[in-house]
Amino acid sequence: MSAETEALSEQIKQSVALLRRHLDWDAAKTRLAELNHLAEDPELWNNPDAAQKMMRERTMLANQIEGVEALETEVQDTLDLVELAEMENDEAVIQDGLTTLRALAAQAQQRETESLLSGEADGNDCYLEVNSGAGGTEAQDWAEMLLRMYTRWAEQHGYKVTLMESSAGEQAGLKSATILVSGPNAYGWLKTEAGVHRLVRISPFDAAARRQTSFASIYISPVVDDSIEIEVLDSDLRVDTFRASGAGGQHVNKTDSAIRITHIPTGIVVACQTDRSQHRNRATAMEMLRARLYEAELQKREAEASAAEAAKTDIGWGHQIRSYVLAPYQLVKDLRTNIEKGNPDAVLDGDLDEFMAASLAQRVSATRSEASATAQ
């Protein structure tokens with residue numbers, strides 16, 4: 001067997017071993033068997049919320065276990081094929097086998113990264129909030145570009161995106177907006193994107209075509225399910241109503257159906273204008289507030305505070321997590337992991353996986369290192 005074949009085989013085996021360890025393989029298979037048995041109970045759907053939660057756990061666990069088993073099978077089949085081809089000196093089959101092994105190694109690496117999504121709320125849906133920084137139209141246009149970037153990323157990964165609230169800029173773009181991203185591990189993937197994002201480009205709004213720097217911030221919070229208790233006192237809230245913005249139909253624009261809730265002790269502000277009913281908008285806004293308060297509590301517990309704190313700092317110089325340079329050269333660079341991409345158009349069209357994976361791995365590594373230091 002060639003040196004490259006052996007190296008790829010060893011790399012995949014190490015990834016699979018880590019996957020089994022992260023999953024706690026025997027316990028995971030036992031739990032899946034329990035969930036499969038529960039799924040056959042005809043009374044399961046008497047409690048729809050509990051049933052949906054259980055089925056989501058079952059689907060996620062089954063996908064993880066079946067994915068590892070399928071990976072192991074395909075790797076072994078490919079190694080057997082390559083070994084046979086080497087015995088027969090069939091170079092074409094050998095090269096096909098190596099191509100397959102390289103793809104499997106990349107797949108194993110991706111699954112290994114996904115296995116790091118084991119945080120308390122990583123499997124939850126999440127709210128993504130974008131706010132423009134100082135700079136007027138330039139920053140507001142940048143905020144809209146970021147919202148589109150994350151919407152495209154979510155759609156490419158099969159997530160559902162729901163616009164919860166938006167505030168249009170004076171001339172173009174957005175002052176702020178919030179979307180709900182629904183799907184497996186939505187919060188786990190997106191949580192590393194919280195922080196300030198910096199854009200450098202030739203301004204399309206400047207007649208002199210000068211280069212401008214703009215900032216916008218991203219804030220991520222997990223959707224809180226009913227099993228997590230978050231106490232919110234009515235005395236701590238200020239509730240304002242206003243007219244929903246945008247096209248939206250006759251009723252939406254002619255009544256104060258939109259809701260803005262301020263949590264006075266923390267200063268957290270949430271808003272919702274998705275429904276024609278003020279009561280339903282208030283209920284949704286309260287869910288968003290609970291999510292923000294829960295995220296604040298998660299941040300307190302995390303060993304690595306820097307990524308979380310980035311989302312709370314001023315939206316300007318010195319606080320950005322990523323720079324997007326469109327002129328005089330083209331480069332997107334993550335300032336935490338030093339990952340770079342020379343194709344900003346692809347990144348702004350949703351090509352974010354490499355940035356997310358590197359930041360997630362760094363975040364988990366930092367948390368484990370600090371935990372080990374504390375234990376000592």
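Let us start inside the sheet: Leu 128 has Ile 179 in strand 3 as its bridge partner. Strand 1 (residues 126-132) and strand 3 (residues 174-182) run antiparallel and are joined by six bridges. Strands here are DSSP runs of E with at least two residues, helices are runs of H or I with at least four residues, and both are numbered from the N terminus.

A word on the model itself. It is predicted, so local features need pLDDT of at least 70 and side-chain atom pairs count only at pLDDT 80 or more, while totals for chains, interfaces and linings use all residues. Residues are numbered from 1 along each chain as its sequence is written, and side-chain values use heavy atoms, with hydrogens and water left out.

**The sheet**

Stepping back from that strand pair, we find an open sheet of eight strands with mixed pairing, in the order 2-3-1-5-4-9-10-11. The edges are taken by strand 2 (160-168) and strand 11 (340-341), each with a single partner strand, so one side of each has no neighbour in the sheet. Two strands pair if DSSP finds at least two bridges between them.

**Salt bridges**

The structure holds 21 salt bridges, each being a side-chain nitrogen of Lys or Arg within 4 Å of a carboxyl oxygen of Asp or Glu. Three of the pairs are set out here.

| Acidic residue | Basic residue | Closest N to O |
|---|---|---|
| Glu 4 | Arg 102 | 2.9 Å |
| Glu 138 | Arg 201 | 3.4 Å |
| Asp 206 | Arg 210 | 2.6 Å |

Glu 4 sits in helix 1 and Arg 102 in helix 4, so this pair links distant parts of the chain, 98 residues apart. Glu 4 is partly exposed at 35% relative accessibility, and Arg 102 is partly exposed at 37%. For these labels, buried means under 20% relative accessible area, exposed means over 50%, and partly exposed lies in between (1.4 Å probe, protein chains only).

What about Glu 138 and Arg 201: buried or exposed? Both are buried. Because Glu 138 lies in helix 5 (residues 137-156) and Arg 201 in strand 4 (residues 195-202), their salt bridge ties together parts 63 residues apart in sequence.

In the remaining pair of the table, Asp 206 is buried, with 14% relative accessibility, whereas Arg 210 is exposed, with 51%. Elsewhere, a network of salt bridges links Glu 193, Arg 322, Asp 334 and Arg 336.

**A charged patch**

Glu 74, Asp 77, Asp 80 and Glu 83 form a negative surface patch. Patch residues have over 30% relative accessible area and no salt bridge, with like charges joined within 9 Å and nonpolar side chains (Val, Leu, Ile, Met, Phe, Trp, Tyr) within 5 Å. One member, Asp 77, belongs to helix 3 (residues 48-87) and is partly exposed, at 47% relative accessible area.

**Backbone details in the loops**

Some loop residues deserve a look too. Asp 24, in the loop between helix 1 (3-23) and helix 2 (25-39), has a phi near 55°, a positive value in a residue other than glycine. Its relative accessibility of 47% makes Asp 24 partly exposed. Asn 89 likewise has a positive phi, near 55°, and is found in the loop between helix 3 and helix 4 (91-114). Asn 89 is exposed, with 68% relative accessibility.

Where is Pro 328 placed? Pro 328 belongs to the loop between strand 9 (320-325) and strand 10 (331-334). A cis peptide bond joins Ala 327 to Pro 328, with omega about 10°.

Key:
Areas by Shrake-Rupley, 256 points an atom, 1.4 Å probe, with all protein chains shown as cover. Lys, Arg positive; Asp, Glu negative; His and termini not counted. Charge placed at Lys NZ, Arg CZ, Asp CG, Glu CD.
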